[in-house]
Amino acid sequence: MQSIELSQTAAQKTKDQAKLKVAPAYDSILELAPYQTGKPVEELTREYGISDVVKLASNENPIGCSPQVTLAITEQLGQLARYPDGKGYYLKQALSDFNNIDIECITLGNGANDLLDILARSFVGSEDAIVYSQYAFVVYSMLAKMQGATGIEVPAQRFGHDLIAMRQAVDDNPNTKIVFIANPNNPTGTQLEREELHKFVASLPSSVLVVLDEAYVEYSPESNNRALLDEFDNVVIVRTFSKAYGLAGLRIGYALSSAPIADLLNRIRQPFNVSRIGLAAANAALADQDFIEKVRDTNQEQRRWLEKQFDALGLGFIKSHANFIMVEIEVEMEDTTAAVIHQALLEQGVIVRPLAGYGLSNWLRITVGVAEDNMRLIDTLRSILTDD
Ligand SMILES: Cc1ncc(COP(=O)(O)O)c(C=O)c1O
């Protein structure tokens, strides 16, 4: 039982668009494909009738969230008829203490994605350009299309950001307004050296905004570049509660920047863009740093275990600094491509992320699970690859 009936085919949608008399704001909107999310567990259960599903496709935290969050959420349940605090005062206060930054420099978002979107809408017009790396988080190129702006994709170097080439791209495109950098990067897991990044930011004109996407910073404290904000007014750091904090389902993230930039972002964001439950949950989650330490340690231990298993299976992978690993499927079996392996895994209840959309059709991105999930993945993968 497939879900094809539920959605129109891409070709049909293109035809329907051609008939539409109201043109979208920019032609580039027609080039956009909806963001591909990891397959939800419920969908796999519906399609294949498998109830015992392991999802390693969206870099979620398999441990869940801090137990303190449940308590904080429960306390809010009697207040759901009331709007949340639109300024998010208590969460901002806690983030201000945690990040040692003025409360005026914080913007809250409905996930990090909301903030990336607010940044693009605040600063990028159709005459402007956005610079990002090949294999960087796909949303950056989508934002350029959404704004009718020019997206400049700079070839990656060993799957990571090539900052020298990105610097050159800014020179070559004087209309550049934002440079997006994911550190660690999704889907490659690569990380930039602090000094290298500092040199890059220092070399840029102050009229170019550098947005550092630190969605995975809790997994790799060396990727924390908060210090750049003390020196440069044109840096924005975006973070999320979706990954290590285990609150992806609640949609909450934040941006750190100079106060004038935060002031602009706050004008653009929707009123009440973070829910009452989201605010309370994030506050409780932030307060439980012991939980985050446990999450980081477990991730590191399990990531190492997975690396050893991939080695043993003869699969190449990119050294990751986050909670996922990009694995190369280049085996000697005939007709065995990453897409085939992805499908075979799905049919056995294991969801991973194919990367053909990134131009990485030989690769799969696999989120690091808890020990039991990872063993299931490896056993299933081994049986597919060795055909037993
Ligand atoms: C690099 C990066 N930035 C931002 C996001 C968006 O996260 P959120 O769930 O907070 O919108 C993700 C999610 O996968 C990500 O990988």
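Q: What makes Gly111, Asn186 and Ser242 count among the residues that surround the ligand?
A: The ligand is surrounded by Gly111, Ala112, Asn113, Phe137, Asn186, Asp213, Ala215, Tyr216, Thr240, Ser242, Lys243 and Arg251, where a residue is near a molecule if one of its heavy atoms lies within 4 Å of it. This is a predicted model, in which local features need pLDDT of at least 70 and side-chain atom pairs count only at pLDDT 80 or more, while totals for chains, interfaces and linings use all residues. Residues are numbered from 1 along each chain as its sequence is written, and side-chain values use heavy atoms, with hydrogens and water left out.

Q: How do you know that a polar side-chain atom of Asn186 is in polar contact with an oxygen atom of the ligand?
A: A polar contact is a pair of N or O atoms within 3.5 Å (within protein, one must be able to donate a hydrogen and the other to accept it, and residues adjacent in sequence count only if both atoms are side-chain atoms). The polar side-chain atom of Asn186 lies 2.7 Å from an oxygen atom of the ligand, so the pair falls within the 3.5 Å limit. For Ser242, a polar side-chain atom also lies 2.7 Å from a ligand oxygen, whereas for Asn113 a polar backbone atom is 3.0 Å from an oxygen atom of the ligand.

Q: Which peptide bond involving Asn186 is cis, and where does its proline lie?
A: The bond from Asn186 to Pro187 is cis, with omega near 15 degrees, and Pro187 lies in the loop between strand 5 and helix 8. A cis peptide bond also joins Asn183 and Pro184, with omega of about -5 degrees, and Pro184 is found in the loop between strand 5 (176-182) and helix 8 (194-203). Helices (H or I, at least four residues) and strands (E, at least two) are DSSP runs, numbered from the N terminus.

Q: Why are helix 5 and helix 10 called roughly perpendicular?
A: Angles under 35 degrees count as roughly parallel, over 145 as roughly antiparallel, 65 to 115 as roughly perpendicular and the rest as oblique. The axes of helix 5 (residues 112-123) and helix 10 (residues 259-268) come within 9 Å and cross at roughly 100 degrees, and the pair is therefore roughly perpendicular. Their contact (heavy atoms within 4.5 Å) is made by Ile118, Leu119, Arg121, Ser122 and Phe123 of helix 5 together with Ile261, Leu264, Leu265 and Ile268 of helix 10.

Q: Why are helix 4 and helix 11 described as roughly parallel?
A: The axes of helix 4 (residues 89-99) and helix 11 (residues 276-287) come within 9 Å and cross at roughly 25 degrees, which makes the two helices roughly parallel. On the helix 4 side, the contact is made by Tyr90, Leu91, Ala94, Leu95 and Phe98, and on the helix 11 side by Leu279, Ala282, Asn283 and Leu286.

Q: Why are helix 13 and helix 14 called oblique to each other?
A: The axes of helix 13 (residues 338-347) and helix 14 (residues 371-386) come within 10 Å and cross at roughly 125 degrees, an angle that belongs to none of the parallel, antiparallel or perpendicular ranges, and the helices are therefore oblique. Ile341, Ala344 and Leu345 in helix 13 meet Leu377, Thr380, Leu381, Ile384 and Leu385 in helix 14.

Definitions and conventions. Axes are lines fitted to C-alpha atoms, for helices over the stretch in contact, and angles run from 0 to 180 degrees between N-to-C directions.
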